Amino acid sequence: MKKTLQVVGAIIINDGRILAVKRGENKNKAVAYKYEFPGGKIEQGETPQQALKRELLEEMNYDIEVGEKFMSVSYEYDDVFVNLHTYLCKPISDTYTLIEHIDEKWLLPNELSSVEWAPADLDIIMALSDLVI
C-alpha cells in the first residue's frame, strides 16, 4: 500500500510574479529537475500554515506571510500519494538562499507554463494562469 503525504506549497506573489523553484536530483524521478512551489511535508501537530513557514525558513531562509488557501490537489506518483495544499503568500524578507533547490524563476501568471512543473502542480498552474494579481 502506498504512503499518503500531506504537503503544502507556497504560491509566493511579489510584484505580480510567482516564485517557482527547481528541484535537483531526486529519488522520485517524476519530480527530479522539475519546478514546484516551495514547501514540504506537514509534520504531526502542525497546521498547514505553520508547516509552510517552517519549510520556507529551512529550505530557503525565507520569511513569508501565509495568506488564504488557494486550492488542494491529490496526485498519485509511482511510489506515493500526495495531497498538496497551496496558499497564497507574500514575502516578509527581501532575500532568500536556495538550499534545497537548484534554480528559481519569478514568473507572471501567463508565463507559468514556460517551465516544466512537477506533475502534482499542473492543475494549480492551470488555475493560476488565469489569476489577476
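Are Phe 37 and Trp 117 buried or exposed? Select the two and have a look: both Phe 37 and Trp 117 are buried. Keep in mind as you click around that this is a predicted model.

**Stop 1: the aromatic rings**

Stay with that pair for a moment. A pair of aromatic rings is described by the distance of the centres and the angle of the planes. There are four aromatic pairs to find here. For Phe 37 and Trp 117, the centres are 4.9 Å apart and the planes sit at 40°, so this pair is tilted. Now colour the chain by position: Phe 37 belongs to the loop between β3 and β4 (39-41), Trp 117 to the loop between β7 and α2, and the two are 80 residues apart, so the pair links distant parts of the chain. Next, select Tyr 62, Tyr 96 and Trp 106, which ring pairs link into a cluster.

**Stop 2: Pro 38**

From Phe 37, move on to Pro 38, which is also placed in the loop between β3 and β4. Its relative accessibility is 0%, so Pro 38 counts as buried. What does Pro 38 touch, not counting residues up to four places away in sequence? Show the surroundings and you'll find Val 8, Gly 9, Ala 10, Ile 12, Leu 19, Val 21, Leu 52, Leu 56 and Met 60. Then try the distance tool on His 101: it is 63 residues from Pro 38 in sequence, but the C-alpha atoms are 9.0 Å apart in space.

**Stop 3: a charge with no partner**

Select Asp 121, in the loop between β7 and α2. Asp 121 is buried yet has no salt bridge. Which side chain of opposite charge is nearest to Asp 121? That's Arg 23, 7.1 Å away. A salt bridge here needs a nitrogen and an oxygen within 4 Å. Leaving out residues up to four places away in sequence, Asp 121 touches Tyr 35, Glu 36, Phe 37 and Leu 84. Yes, that's Phe 37 from the opening pair, with Trp 117 as its tilted partner.

**Stop 4: the salt bridges**

How many salt bridges does a search of the whole structure find? The count is ten. Here are some to select.

- **Lys 34 and Glu 116.** Their side chains meet in a salt bridge, 3.7 Å from N to O. Lys 34 is in the loop between β2 and β3 (35-36) and Glu 116 in the loop between β7 and α2, a separation of 82 residues. Lys 34 is buried, with a relative accessible area of 14%, whereas Glu 116 is exposed at 52%.
- **Glu 111 and Arg 17.** In this salt bridge the closest N and O atoms are 3.4 Å apart. Glu 111 comes from the loop between β7 (101-107) and α2 (122-128), Arg 17 from strand β2 (residues 17-23), and 94 residues separate them. Glu 111 is partly exposed at 29% relative accessible area, and Arg 17 counts as partly exposed too, at 32%.
- **A network.** Select Glu 43, Glu 46, Arg 54, Glu 55 and Glu 58 together: salt bridges that share partners join them into one network.

**Stop 5: Lys 2, Glu 76 and Phe 81**

One more salt bridge joins Glu 76 and Lys 2, at 2.7 Å from N to O. Glu 76 is in strand β5 (residues 64-76), while Lys 2 is in the segment before β1 (3-14), 74 residues away along the chain. Glu 76 has 45% relative accessibility and counts as partly exposed; so does Lys 2, with 26%.

Add Phe 81 to the selection. What sits over the ring of Phe 81? The charged end of Lys 2 does, 5.6 Å from the ring centre. Phe 81, in β6, also stands opposite Glu 76.

**Stop 6: the β5–β6 hairpin**

Now show β5 and β6 as ribbons. They form a hairpin with three residues between them. The two strands pair in the antiparallel sense over ten bridges, with β6 covering residues 80-91.

Finish at Thr 86, in strand β6. Thr 86 is buried, with a relative accessible area of 0%. Setting aside neighbours within four places in sequence, its contacts are Gly 9, Ile 11, Lys 69, Phe 70, Met 71 and Ile 124. Gly 9 also appeared in the surroundings of Pro 38. For a last distance, try Thr 86 to Gly 67: 10.0 Å from C-alpha to C-alpha, and 19 residues apart in sequence.

Note on methods. Residues numbered from 1 in each chain as written. Predicted model: local features only at pLDDT ≥ 70, side-chain atom pairs only at ≥ 80, totals over all residues. Heavy atoms only, no water. Helix = DSSP H or I, 4+ residues; strand = E, 2+ residues; numbered from the N terminus. Buried < 20%, exposed > 50% of the residue type's maximum accessible area, 1.4 Å probe, protein only. Pairing = 2+ DSSP bridges. Lys, Arg positive; Asp, Glu negative; His and termini not counted. Contact = heavy atoms within 4.5 Å. Phe/Tyr/Trp six-rings, centres within 6.5 Å; stacked < 30°, edge-to-face > 60°. Lys NZ or Arg CZ within 6 Å of the ring centre and 35° of its normal.
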